[in-house]
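Reader: I would like to go through this model with you, one question at a time. Please show it first.

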Amino acid sequence: MGFFYSLFSSAAFGLIPLFSLPLMAQGLSPATVLFYRFFIATIVLGLFLLLRGECFYTSGRNLLKLAGMSLMYALAALLFIEAFEHLPSGVVATLQFSYPVMVMLIMIAFFHERFSWITAVAVVLAIGGVYLLSNGAPAAGGPAGNAASISALGLMLALTSAVCNAIYITSIYAARLTNITGLMLTFYVMAFGALCSLVNSLASGSFQLLSSWKELALALLLAVITAVLSNFTLILAVQRIGSTLTSVLGVLEPVTAVIVGILVFNEPFSLALLLGIVLIAASVVLIMLGGHIQLMRAKRQAAKQDMTP
């Protein structure tokens, strides 16, 4: 069940383009789409937590930390969706999936993590993947395989989204939140994210009410599948198979987004796109398994020393 929950969670995250792109095609701005995603998810999670009898109280210090973390999370989500307007959604999802490599680099730069050959190889693979995607993926609406049509803005938005997500992940580690469960943390992040998105859409004059049952259905599916179920099954997966395996199986997220983009939105596909996805996925898996690889090497070296007369 742990493997199933992990695969379901990563596939659910990969379905964000399936529901957000049609909403944007109806004229909703990315900030408005995010507001409905976060707002509906907050209501559903809140009801679920009430039924579980969980206490919503947390300290003022925790709330301040959560507000800051949520701002980075909302910014990452906003840049992620805005990048859909400039690049194929599968390419955007793959570029954003490079955030674990950026997390490792942040941990090395600011939290004294040791730089290893594994990190170096992962960075090289990620850079190679980004290069292939930027040279083999056309801009949204551009001709397939035309490197000249790549959107530099889309590339920047997707990579900046990955950086913001990496900062959010790192802030969870650095914040040292106390007396708060994973689901409750998700609830507060969604609530603050909804507030940030609402303020953004109102300030930019782009806020729009849902005007049809189709838009309401898409907003509900976007929130329930890609925010509530994805985060809930992620927690269940971590509880059963651990964070490392769960993170590795997260590679299904960009794969799902690419498949949806090709089958549903007729997005272009090329050998460069495939190789770029493989390189970025390999870099992320290498980062996730780095500790296990180093531990296995240390055990082998110790065994060799024990066998030496």
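Reader: Let us begin with Phe84: is this residue buried or exposed?

Author: The model is a predicted one, and its accessible areas can be read against a cut-off, with buried meaning under 20% relative accessible area. Phe84 has a relative accessibility of 6%, and therefore it counts as buried.

Reader: What kind of aromatic pair do the rings of Phe80 and Phe84 form?

Author: Phe80 has a relative accessibility of 7% and counts as buried. The ring centres of Phe80 and Phe84 lie 5.0 Å apart, with the planes at 65°. Planes over 60 degrees apart count as edge-to-face, so the pair of Phe80 and Phe84 is edge-to-face.

Reader: Which residue of helix 5 touches Phe80?

Author: Helix 5 covers residues 89-96, and Gln96 has its place there. With a relative accessible area of 8%, Gln96 is buried. Leaving out residues up to four places away in sequence, Ala158, Ser161, Ala162, Asn165 and Glu253 are touched, as is Phe80, by Gln96.

Reader: How many aromatic pairs does a search of the whole structure find, and how many residues apart are Phe56 and Phe187?

Author: The search of the whole structure gives 12 aromatic pairs. Phe56 and Phe187 form an edge-to-face pair, at 5.1 Å centre to centre and with 70° between the planes. This pair links distant parts of the chain, since Phe56 lies in the loop between helix 3 (30-51) and helix 4 (60-82) while Phe187 lies in helix 9 (residues 182-203), and the two are 131 residues apart.

Reader: Which of these two, Phe56 or Phe187, is buried?

Author: Phe56, at 26% relative accessibility, counts as partly exposed. The relative accessible area is 13% for the other residue, which is under the 20% cut-off, so the buried one is Phe187.

Reader: Where is Leu15, and which residues is Leu15 in contact with beyond its neighbours within four places in sequence?

Author: Leu15 sits in the loop between helix 1 (2-13) and helix 2 (16-25). From C-alpha to C-alpha, Leu15 is 30 Å from Leu63, with their positions 48 residues apart in sequence. Setting aside neighbours within four places, the contacts of Leu15 are Ile225, Thr226, Thr256 and Val260.

Reader: Turning to the surface, about what area does the nonpolar patch that includes Leu275 have?

Author: Leu275 belongs to helix 12 (residues 271-307) and is partly exposed, with a relative accessible area of 39%. Together with Phe269, Leu271, Leu274 and Val278, Leu275 makes a nonpolar surface patch of about 470 Å².

Key. Residues numbered from 1 in each chain as written. Predicted model: local features only at pLDDT ≥ 70, side-chain atom pairs only at ≥ 80, totals over all residues. Heavy atoms only, no water. Patch = residues over 30% accessible without salt bridge, like charges linked within 9 Å, V, L, I, M, F, W, Y side chains within 5 Å. Areas by Shrake-Rupley, 256 points an atom, 1.4 Å probe, with all protein chains shown as cover. Salt bridge = Lys/Arg side-chain N within 4 Å of Asp/Glu carboxyl O. Buried < 20%, exposed > 50% of the residue type's maximum accessible area, 1.4 Å probe, protein only. Phe/Tyr/Trp six-rings, centres within 6.5 Å; stacked < 30°, edge-to-face > 60°. Contact = heavy atoms within 4.5 Å.
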